[in-house]
Amino acid sequence: MSANAPRSFLRRWIFSTDHKVIGLQYYFLALFSALTGMVLSVLMRFHLVYPDARVRLFEWLWPAGASGGIMTPELYLSLMTMHGTIMVFFVLTAAPQSGFGNYLIPLQISAEDMAFPRLNMLSFWTTFLALMVMLAAFFVPGGAPLGGWTAYPPLSAVGEIAGPGQGLGMDLWLVSIALFSIGSLMGSINFIATLADLRAPGMGLMSMPLTCWGWFSTAMISLLAFAVLIPAGLLLLLDRNLGTSFFLPEGLVVNDRVLPYKGGSPILFQHLFWFFGHPEVYIIILPGMGMISTVLSVFSGKEVFGRKAMIYAMVAIAFVGFLVWGHHMFVSGMSPYSSMAFSLVTMAVGVPSAIKTFNWIGTIWGGRLRLEPPMLYALGFLSLFVSGGITGIFLGQPALDIYFHDTYFVVGHFHMIMGVAAVFALFAGTSYWFPLIFGRMMNPSLSRIHFYLTFIGVYMIFVPMHLTGFAGQPRRYPDFKEFEFMKDLAILHKFMTHSAFTTAAAQLIFVLNLFWSAWKGRPAPPNPWGAKTREWTP
Amino acid sequence: MCFAAITSAMVVRRSLGPDWSGIPAGWLLWANSAVLLLSGACLELGRVRMALVLGALFLAGQAAVWRGVEVAASPGNSFLIVFSGMHALHVLGGLAALAFAPLPLSRIYWRFLAGLWIYLMLLFTFWGNR
Amino acid sequence: MLPPDLSYHVKFPMLLALLIWLVAAAVTGLILARRWWFPEAINAHGVSFDSHLAATFLLTGPVFIAAHAALGWVILRYRGVRTASGPVENNRLEFLWTAAAAILFVGIAAAGTGIWAGVHFDPAPKDAIRVEALGKQFAWSFRYPGRDGKFGRTDIRLINDSNGNPFGIDERDAAGRDDISTAALRVPAGRPVLLTLRSRDVIHNFFVRELRLKQDLVPGMEIPFWFQADKAGEFEVACSELCGLGHHQMRTSLIVLPAAEFEAWLRQMHEQLGLPSQPETR
């Protein structure tokens with residue numbers, strides 16, 4: 001730290017403009033959010049196999065949503081909505097990009113700090129405010145919204161007549177997302193300016209580390225994508241509160257009331273939302289791809305295979321990722337001709353991801369493999385990324401999506417890629433850069449146990465989920481009692497729930513390891529892994 | 001991209017049915033446009049305080065426009081509010097930043113806001129009210 | 001740098017590699033076993049779907065297996081070696097696998113276009129039976145046009161669920177007086193059915209697993225959708241777009257009847273309406 005470093009605790013650790021502090025603030029915000037989201041998912045999984053259970057805790061927490069201790073459909077749907085929202089935004093968008101990126105970019109390019117340190121601080125606190133507003137939705141009358149993280153109108157637009165959480169809770173959700181988007185935009189501007197302008201002399205764009213390329217391409221698509229989410233949310237907010245009809249057609253009859261809207265289109269919302277929503281998943285995975293490339297390379301003692309191709313692939317994914325949003329809307333009532341076009345481009349965007357996978361294998365091929373914990377997570381990532389990516393080939397074809405849309409096959413697919421592979425990249429990054437950040441090593445035995453339990457656990461959760469998808473089981477059902485064909489799937493759900501309980505519990509090992517090692521871990525040498533990037537060898 | 005998204009939403013909305021009745025771009029909106037461009041001119045000439053005053057006047061003028069428009073009465077009204085409201089938010093931020101941002105940066109931003117507003121007025125006049 | 005501890009490099013790679021192979025084997029086995037699987041298809045489209053699904057598995061399955069086999073093999077082969085010896089670049093290989101991926105991915109999608117076209121581009125056959133489907137929170141209604149072959153005018157203000165008028169059929173329109181509203185969808189086997197999908201409130205989705213067909217019902221839109229069921233039976237219809245608190249209870253049946261039974265049912269419905277029963281002329 002420079003000689004003018006602020007002395008007060010508040011300026012050094014809370015309202016800091018230091019990129020390292022801000023990076024850690026984002027990381028721990030994401031960690032807290034992840035644990036919250038995980039608890040929500042455990043509650044969901046519990047309800048799906050024990051829908052009639054009376055649980056005192058539920059009644060105490062949610063007297064209206066769980067009177068008598070039995071979780072109502074509205075409570076289940078709101079837990080589900082918040083699980084998805086918190087995980088996608090406050091964990092997967094915050095940690096890989098803003099957490100790791102803020103900490104490491106200046107170190108990797110030999111800059112003093114990010115280009116706009118005060119804007120950086122503002123972006124974190126905006127994100128923090130967004131989280132507070134989001135969590136507030138749990139505590140207001142009516143509770144949290146229940147339309148899924150995708151919030152399709154008219155369901156999300158008609159207000160409380162659709163369900164208790166669809167009143168104030170839904171408005172808070174929209175405000176939170178708007179704040180989060182603004183925070184993201186500020187962060188993106190900072191990242192782009194920093195990586196474009198503050199690289200060390202002699203470091204051309206192509207010689208920038210792959211991690212920086214991940215953050216760079218992510219920042220660029222983040223800027224364009226979040227800028228579209230804001231109007232989507234704004235127009236929905238207006239429909240809900242000012243009587244406009246952007247997304248609401250004439251003739252809606254809800255709860256025996258004829259609603260006064262006129263001329264809007266529900267599909268318009270889906271277009272705006274997914275124009276953001278698809279690039280969002282690349283925002284989630286691209287930083288992780290950069291980190292995995294780094295870890296695989298260091299622990300194979302080899303340069304990344306096909307480094308240039310890796311860069312081009314990331315840029316291609318970022319760019320083409322803007323042209324595929326319609327594959328979320330094949331059966332939405334959108335023109336079937338558009339569906340064909342979107343399908344073709346969706347298949348095309350799979351190609352750079354395939355290239356990256358081949359190159360990752362090429363990186364470890366003929367390497368000198370050291371199976372330290374970061375490498376375990378990275379190798380696990382490869383398996384998970386292949387598994388999750390392959391189911392994309394099924395979903396990207398409307399001919400098959402006409403069965404799979406809105407089934408558990410989709411839920412399995414996106415959890416494998418986002419909920420698992422992207423998180424393994426976070427685990428790899430955490431254990432890899434921990435010595436740099438805290439000057440200590442994470443306990444390797446605990447890390448290994450965590451890795452094996454989690455790797456096995458996630459397959460035990462999500463493979464059966466794909467099987468229920470084959471059987472055609474729809475998603476977002478609070479229980480399965482109505483349908484004959486779902487009876488045969490009960491055993492899979494039991495298996496998934498118990499696997500989820502175990503895997504969730506195993507994450508405590510990671511959290512314990514993280515905190516304990518930061519305080520009492522074995523002191524680390526300056527470059528314990530023998531890495532070559534500048535953050536280790538300034 | 002934000003304004004591009006709203007533009008595409010408006011194009012789609014108009015194509016959905018015969019109930020498009022144009023965008024109410026009255027004289028006050030034109031007057032405000034002049035005020036905004038004047039504000040930009042002041043900034044170009046380095047007269048920051050004048051630019052700030054004119055910017056604030058622009059926002060007040062926009063507020064007056066909005067008072068006269070019922071947002072849900074027609075799709076054209078709705079989009080006018082959304083477009084000009086979003087733009088005004090950006091202007092507000094720019095005014096706040098004028099206080100501490102370096103002048104060249106503010107100039108660039110003001111040019112963007114002015115250019116955006118010109119685009120919007122053209123959109124309203126030649127596409128919205130055709 | 002930390003001193004390399006080679007003992008665990010020898011033990012653990014075995015464990016990791018085996019685990020990776022085990023995962024791949026388990027996934028492959030579960031899919032091949034088809035214990036939890038698609039129900040039998042009851043239409044020609046469904047049969048085509050199943051073929052294309054198989055083709056997609058044939059493409060992706062070996063890729064999945066090969067990737068995991070390679071991953072496990074690399075871990076075993078290169079554990080504890082002294083120096084890294086592999087290449088860091090091979091442009092020819094890059095080009096080859098890029099081209100292969102592009103051709104295979106785009107190819108499999110192209111191969112499926114006929115199936116999509118069959119559902120959405122081919123117009124319904126002229127002799128298709130017309131039915132309207134209405135989704136509302138949280139029930140399905142279907143409407144048959146009666147012997148005049150015309151659907152009567154509807155008005156949302158006339159909707160009366162408890163009186164059996166979920167569509168809001170206008171009594172004053174003669175065409176609507178013989179419309180038949182039902183809660184389940186009855187169709188004859190072996191004849192095409194043109195379903196027009198409408199929604200009264202929020203987005204719903206019509207999904208029949210055995211037909212391998214799914215389509216959103218969007219308020220403000222009337223979406224045509226045709227199919228032909230060839231096997232008799234009763235099949236569950238599950239709403240597949242979150243529509244609110246009762247989404248999981250929005251269930252009805254697709255009842256496919258042999259042609260004669262369907263005619264008999266239709267006749268019976270006409271009688272119940274008080275119309276003289278005459279055989280279907282179409």
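**Helix pairing, domains and chain contacts**

Helices α8(A) and α9(A) run roughly antiparallel to each other, because their axes cross at roughly 175 degrees and angles over 145 degrees count as roughly antiparallel. The model described here is a predicted one. In this pair, α9 of chain A spans residues 307–320, and its axis comes within 11 Å of that of α8(A). On the α8(A) side, the contact is made by A:Tyr282, A:Leu286, A:Met289 and A:Ser293. Facing them from α9(A) are A:Met310, A:Met314, A:Ile317 and A:Ala318. Sorted by class, this helix-to-helix contact has 7 nonpolar residues and 1 polar residue, with no charged residues.

A wider view of chain A brings in its domains. The domain assignment divides the chain into domain 1, covering 15–264, and domain 2, covering 277–538. Taken over C-alpha atoms, the centres of the two domains of chain A are separated by 20 Å. Where the domains of chain A meet, domain 1 contributes 40 residues and domain 2 contributes 42 residues. Which elements supply at least two residues each to the domain 1 side of this contact in chain A? They are α2 (19–49), α4 (73–108) and α7 of chain A. Of the elements on that side, α4(A) gives the most, with 16 residues. By class, the side of domain 1 of chain A that touches domain 2 is made up of 26 nonpolar, 13 polar and 1 charged residues.

Contacts between chains complete the picture. There are 2 pairs of chains that touch, and the pair with the most contacts is that of chains A and C. Chain A also meets chain B, with 17 residues of chain A in contact with 15 residues of chain B. On the chain A side of that interface, the elements giving two or more residues are α7 (210–241) and α8 (266–298). The largest share comes from α7(A), which provides 8 residues. Helix α7 of chain A thus appears in two settings: it supplies residues to the side of domain 1 that touches domain 2, and it also lends residues to the side of chain A that touches chain B. Helix α8(A) likewise takes part in the contact with chain B, besides pairing with α9(A). By class, the side of chain A that touches chain B has 12 nonpolar, 4 polar and 1 charged residues. Chains B and C, in turn, are joined by no contact, and their closest C-alpha atoms lie 10 Å apart.

Methods. Residues are numbered from 1 along each chain as its sequence is written. Chains are lettered from A and ligands numbered from 1 in the order in which they are written. This is a predicted model: local features need pLDDT of at least 70, side-chain atom pairs count only at pLDDT 80 or more; totals for chains, interfaces and linings use all residues. Two residues are in contact if their C-beta atoms, placed from the backbone, lie within 7 Å. Helices (H or I, at least four residues) and strands (E, at least two) are DSSP runs, numbered from the N terminus. Ala, Val, Leu, Ile, Met, Phe, Trp, Tyr, Cys and Pro count as nonpolar, Asp, Glu, Lys and Arg as charged, and the others, Gly among them, as polar. Domain bounds come from an automatic or database domain assignment. Axes are lines fitted to C-alpha atoms, for helices over the stretch in contact, and angles run from 0 to 180 degrees between N-to-C directions. Angles under 35 degrees count as roughly parallel, over 145 as roughly antiparallel, 65 to 115 as roughly perpendicular and the rest as oblique.
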